[in-house]
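This report covers a buried acidic residue, the nonpolar cores and the internal cavity of one protein. Please look over the sequence and structure before reading on.

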Amino acid sequence: MINAHILGVEKMGTAKYCIVGGGPAGLSMARSLKARGIPFDVIERHKDVGGIWDMENPGSPMYASAHFISSKYLSNYADFPMPEEYPDYPSNQQILAYHRSFAKEFGLYEHIQFQTAVKSITQSGEKWEVTLSTGEKRIYEGVICASGITWSPNRPKLEGEENFKGKIIHSVSYKDSESFKDKRVLVVGAGNSGCDIACDAAFASQKAFISVRRGYHFIPKHILGQPADVFGDGAHWIPNWFSQLILGFVLRILVGDLRKVGLPKPDHKLFETHPIINDQLIHYLRHGDIIAKPDIQKLEENEVVFKDGTREKIDLIVLATGYHWAIPYMDTKYFEWKNGRPELYLTLFNRKYKNLFALGYMETDGGAYKMFDEMANLIASYIDAKRKQDPSSQKFDQLIEKDFPLLNGGIKYLNTGRHSVYVNQVAYKQYRSKVQKKMGWPEIKSGQFQRSKIGSV
C-alpha cells in the first residue's frame with residue numbers, strides 16, 4: 001500500500017512535506033509552502049495552534065503574567081501586523097490570539113491535523129516515514145521540524161535536596177502567583193522568565209529571593225519613550241562594537257550600578273549573552289521586595305545555604321534554569337548535536353539529509369517571527385528549486401555541505417551551550433540575503449502574502 005501510494009504521489013508531482021508543530025515556526029513555514037503551491041501537512045499534538053503560548057498545552061512554559069519579550073512593532077509576521085490596540089508588549093493571551101488569527105487569515109487550519117503526536121520519523125529510501133500516535137504511517141518527501149525548544153526542562157540536581165523539606169519545581173510548572181501565597185520563595189536563574197517569576201514572587205509571596213551565578217546587563221523595556229528593540233533598530237547601521245560601547249554607556253546612566261542592589265557585576269560585555277529585558281526586577285530590588293543572592297552551595301532541611309555563607313529559610317524553590325533542546329521523535333543520528341544543539345547550515349538545513357530541515361532551533365537578539373518568515377522563505381525557495389530541478393538547488397547543496405559562516409556580527413558570545421547556535425540578527429539577515437541573491441531566490445516583498453494571492457494546496 002505504501003509503495004503504491006508513493007508511486008501515485010510521484011507521478012502526479014504532488015509529493016508532500018511534513019511540518020511537525022503548529023506553533024509560531026510551524027505556522028510561518030506552512031504559509032510559505034502554501035504560497036508556493038508546495039503540498040504539506042502540519043502535525044500538531046495539541047488541540048489548536050499556538051504552541052507554548054497556550055497555557056493549557058501540557059508542558060507549556062507559559063505563566064499568567066508572561067508578556068512578549070519583544071515589542072509588537074518588530075515581531076510580527078510579514079503582511080500581518082499585530083492589532084493596533086495591542087500594547088507595546090502584548091500579553092501571552094494576546095499573542096495566542098494573534099497566532100490563531102494568523103492561521104485563520106491564511107487558511108492554514110485546513111492543513112493541520114490536531115491532537116496527533118509524531119511518534120517517530122525514520123528514513124525510508126530517500127524519503128521519510130512518519131509514524132503518528134494514531135498508529136498511521138505516512139511517507140513524506142521531506143520533513144521540517146518546528147516543534148520548539150522550550151518543552152524539555154533542564155532540571156539540575158542541588159546538593160542536599162534529598163533532605164530539603166520545602167518544595168522544588170522547574171519554572172515550566174509555574175503558572176500563577178497564587179502558588180506563592182504565604183511562602184518564602186527563591187527563584188534560581190536570572191533569564192527573562194526567571195526575572196518575571198521573581199517579580200511575581202515580590203508581591204505575592206511572604207518573602208522573595210533571586211539567586212544568580214553571574215552578573216547580567218539589564219535593558220529597560222523602553223528607552224527614551226520607545227520600546228527597546230525599536231530604539232535599537234534605528235542603529236543597525238552602526239558597527240556592533242560601537243553599539244556595545246555607546247549603549248553600554250547609556251545603560252550605565254539609565255540603570256546605574258546594579259551592585260548596589262546585590263547583583264554581581266557582569267563578567268562580559270553588553271550583547272555577549274542573551275539580553276535581559278526587564279524593568280520590574282530592578283524596581284523590586286531597589287525597594288527590598290526581592291533580595292538578590294549568589295549561587296546556591298547546598299540545601300538543608302529548611303534552609304538554603306549560599307556560596308557567600310549566608311542562609312535563608314525557604315519554602316519553595318523555582319528553578320528557572322532553562323531547557324534541553326530536543327527532537328524526541330527522531331533518532332539523534334539524523335542530526336549532528338554539539339553542546340546540546342543541532343548543528344545546521346544557517347540553523348535550518350541538515351548537512352547530511354537534504355530533505356530534512358529544522359525551523360526555530362536557534363536564539364537571537366531580536367524578534368523571532370520576522371526571522372521565521374525569512375527563514376521559511378529560504379527553505380521554501382530551496383524546496384521549490386529542487387522540485388523544478390533548477391541548477392540553483394545544486395549550488396545551494398554545495399553551500400549546505402561546505403559553508404560554515406560566522407553569524408555573530410563580530411560579537412564574542414559566551415562559551416555556553418545556549419550561545420553555540422546564537423546568531424546576531426543583523427549579521428544573519430545580511431548573510432542570508434547575500435546567499436539568496438546568489439541563488440536568484442527572491443526576498444519576501446510587502447503584500448506577497450495577501451490572502452487573495454495564496455491559493456489552496
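With which side chain does the side chain of D48 make a polar contact of 2.7 Å? The partner is the side chain of Y109. The model is a predicted one.

## Surroundings of D48

D48 sits in the loop that runs between β2 (40-43) and α3 (92-105). Its relative accessible area is 17%, under the 20% limit, so D48 counts as buried.

Besides the contact with Y109 at 2.7 Å, the side chain of D48 has a polar contact of 3.4 Å with the side chain of R100. With residues up to four places away in sequence left out, D48 touches R100, Y109 and F114.

## Nonpolar cores

In soluble globular proteins, nonpolar side chains tend to be buried together. Here the largest nonpolar core has 98 residues, of which L33, F349 and F396 touch the most other members. Helix α8 (residues 368-387) supplies the largest share of this core, 11 residues. A second core, separate from it, has 24 residues, including I121, I149, W325 and L356.

Setting aside neighbours within four places in sequence, the contacts of F396 are Y345, F349, L378, Y382, V435, M439 and W441.

## Cavity

The structure has 1 cavity of 30 Å³ or more. The largest cavity encloses about 60 Å³. Its lining includes Y216, H217 and I219, as well as H268, K269, L270 and F271. Also in the lining are E272, T273, H274, P275 and I276. By class, the lining residues are 6 nonpolar, 4 polar and 2 charged.

Definitions and conventions:
Residues are numbered from 1 along each chain as its sequence is written. This is a predicted model: local features need pLDDT of at least 70, side-chain atom pairs count only at pLDDT 80 or more; totals for chains, interfaces and linings use all residues. Side-chain values use heavy atoms; hydrogens and water are left out. On a 1 Å grid over the protein atoms alone, a cavity is a set of points where a 1.4 Å probe fits but cannot get out, and a pocket is an open set with protein on both sides within 12 Å along at least five of seven lines; lining residues have an atom within 4 Å of a point. Grid points are joined across faces, edges and corners, and a volume is the space filled by probe spheres set on the points. Ala, Val, Leu, Ile, Met, Phe, Trp, Tyr, Cys and Pro count as nonpolar, Asp, Glu, Lys and Arg as charged, and the others, Gly among them, as polar. A nonpolar core is a set of buried Ala, Val, Leu, Ile, Met, Phe, Trp, Tyr and Cys residues joined through side-chain atoms within 4.5 Å. Buried means under 20% relative accessible area, exposed over 50%, partly exposed in between (1.4 Å probe, protein chains only). Helices (H or I, at least four residues) and strands (E, at least two) are DSSP runs, numbered from the N terminus. Contact means heavy atoms within 4.5 Å. A polar contact is a pair of N or O atoms within 3.5 Å; within protein, one must be able to donate a hydrogen and the other to accept it, and residues adjacent in sequence count only if both atoms are side-chain atoms.
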